[in-house]
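Subject: Handover of a structure

Dear colleague,

Please find below the structure that I am handing over to you. My notes on what was found in it follow directly after.

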Amino acid sequence: MFQKIINEKNAEKSALDHQINICIAAGCGSVNSNAVKQALEETVRNKGLEKSCKVKGVGCQGLCSRGPLLTLYSKDKAPVIYQKITVNEVPKIVANLGKPPIKKYTCPGDLPFFTRQQKIVLENSGVIDPEDIRDYIAAGGYQSLNNVIESMHPEDVVKEVFISGLRGRGGGGYPTGLKWSTVTKVQGKGPKYVICNADEGDPGAFMDRSILESDPHRVLEGMLIAGYAIGSNKGYVYIRGEYPLAIKFLNKAIEQARLHNILGHGVLGSTFDFDIEIRIGAGAFVCGEETALIASIEGKRGQPRPRPPYPAEHGLWGRPTLINNVETYANVPNIIRNGGDWFAGIGTPNSKGTKVFALAGNVKNSGVVEVPMGISLREIIMEIGGGVENGEKCKAVQTGGPSGGCIPEALFDTRVDYESLKALGSIMGSGGMVVMDNRVSMVEIARFFMEFCMSESCGKCIPCRVGTAHIYRLLNKFMNGEATAADLKRLEDLCKVVKDNSLCGLGQAAPNPVLSTLRFFREDYLALIKEPETETASVD
């Protein structure tokens, strides 16, 4: 089946003189890329070019700040990227086919944004049609699954993931192979489950959404391989309702996979059964925490529970359950295809492979990038991101969302890996990076993230429910010019109490933006204190 589809796709491609790939993911979609796509199709049709020129909707091409982006492929010529294209430019672009590029609309293909990336997870993003399983198969998709089923014992699959050194990309960085191995070893009758955590809720984070909108079959293939490895026949994708396009593409991908005998009974003609369903969340940030997520799938209120027992032993409906996030599963097909040693050769000794980041905030080239672990923050922000826009000086970057911290520009030579970011009081998180220039008040930033954590607290434990509200109240005193030196001490003490005593990761990490800004940007707080000279005064 695979070879027939590959041959058909290659024949289609060779018959074309031109192919225009236009992004239909949410980023470019928000600036009317669908209207541009429709105009391209109509213009090509009206000119009688349907047989020689194909207009193809694709996923994210990365550089969201210059969307809508389209890439023109012409036979025997280098691809050309056009940026910020509107419906008005469409007739000129179609009329220019076969001629030198229109410089006015061209986005240089040699920008560091494109040349400094190393794409594993995003290798198909912006290239294949996310709504066409045949495109994914023609790009080598589902070959890893086929190889696993035909020639690998489940233990060998787990071993390969173990060798790769892949760590969970959802934020915690737990070794993926160890998690898979733990679930595999749990004995007893009854089903095991595979869950994909697609409840991406960090402000400034849109990596998982981009992956699902660009290459949904890659995530399904990773889950299928996981199911085979741990002995599961059922998977769930838990995704927030705010991602309608990703849900639409996922539903279509699942339907197509079932039609091609890739999901369901007897996967690819084997004795392995596996199916996947979608569960749509209501957009509660706490449901990104795995025990809260499990409760939500079970139809209960999405609240965390104490661990142990861990989901690997006592998960969905009390059964052994494997939970990884979107990007983690998306790495698996490549690890199987190229081997664990290949993946382990990328990155740093303790942080293997690549990481997908969402660059946002006051950065010139905002969008989605994939870089090897170990690259510096400066390279990501100042080279790939192009630095701060409008000629302002860069002040800081927030990594890891509301659970992360703010890192000053002076430390941008820090290598990006799990341990280095933790040493600075931040975390990798799921991969959001919000860049801030020197006009930004770091107290205001801390208040923004604390308001988010306060609003998103599920309320189950007092340190998080009450503590985040009090921290927010204190930050308001600073912003209103009402804070004293004693309030600064109270703020630090309260952050430590919430961090040390909250039940789950949301509460434990909520003070991070405050603590990191107090550590690196204390002058911003002191400037707002009524009596800065008394900062060291004792607290009553």
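I begin with helix H14, in which Val-326, Glu-327, Thr-328, Tyr-329, Ala-330, Asn-331, Val-332, Pro-333, Asn-334, Ile-335 and Ile-336 are buried. Please bear in mind throughout that this is a predicted model. H14 spans residues 326-338 and is mostly covered, since 11 of its 13 residues are buried. After the helix comes Gly-339, which has a positive phi, near 100 degrees.

The chain as a whole

The secondary structure of the chain amounts to 23 helices and 14 strands. Its radius of gyration is 24 Å, close to the 24 Å that the globule rule gives for 540 residues, so the chain is as compact as a globular protein of that length. Taken along the principal axes, the box filled by the C-alpha atoms is roughly 80 × 65 × 40 Å.

Of the 540 residues, 58% count as buried. The accessible surface comes to about 21,400 Å², and carbon and sulfur atoms account for 51% of that area. Where contacts link residues at least 6 apart in sequence, 72% of them join residues at least 24 apart. The chain carries 62 positive and 60 negative charges, and the mean positions of these two sets lie 2 Å apart.

Strand E10 and its partners

Strand E10, residues 354-361, is mostly covered, with 7 of its 8 residues buried. Two pairings of this strand deserve your attention.

In one of them, E10 pairs with strand E11 (residues 367-372) in the antiparallel sense, over 6 bridges. Within this pairing, Phe-357 stands opposite Val-369 of E11. The two strands are joined by a hairpin, with 5 residues forming the connection.

In the other, E10 runs parallel to strand E14 (residues 432-437), and 4 bridges join them. Here Gly-361 has Val-435 of E14 as its bridge partner.

Strands E12 and E13

A further antiparallel pairing is found between strand E12 (residues 394-399) and E13, again with 4 bridges. Val-397 stands opposite Ile-407 of E13. The hairpin of E12 and E13 has 5 residues between the strands, and Gly-400 in this hairpin takes a positive phi near 80 degrees.

In a regular strand, side chains alternate between the two faces of the sheet. Strand E13 (residues 405-408) has Gly-405 and Ile-407 pointing one way and Cys-406 and Pro-408 pointing the other way, and all of them are buried.

Leu-528

Finally, I would draw your attention to a residue in the segment after helix H23 (522-526), namely Leu-528. Is Leu-528 buried, exposed or partly exposed? Its relative accessible area is 25%, and buried means under 20% whereas exposed means over 50%, so Leu-528 is partly exposed.

Leaving aside residues up to four places away in sequence, Leu-528 touches Val-443, Phe-478, Met-479, Gly-481 and Ala-483. As for its distance from Arg-134, the two residues are 394 residues apart in sequence, and their C-alpha atoms are 59 Å apart in space.

With kind regards

Notes. Residues numbered from 1 in each chain as written. Predicted model: local features only at pLDDT ≥ 70, side-chain atom pairs only at ≥ 80, totals over all residues. Heavy atoms only, no water. Rg over C-alpha atoms; globule rule 2.2 N^0.38 Å. Buried < 20%, exposed > 50% of the residue type's maximum accessible area, 1.4 Å probe, protein only. Contact = heavy atoms within 4.5 Å. Areas by Shrake-Rupley, 256 points an atom, 1.4 Å probe, with all protein chains shown as cover. Lys, Arg positive; Asp, Glu negative; His and termini not counted. Charge placed at Lys NZ, Arg CZ, Asp CG, Glu CD. Pairing = 2+ DSSP bridges.
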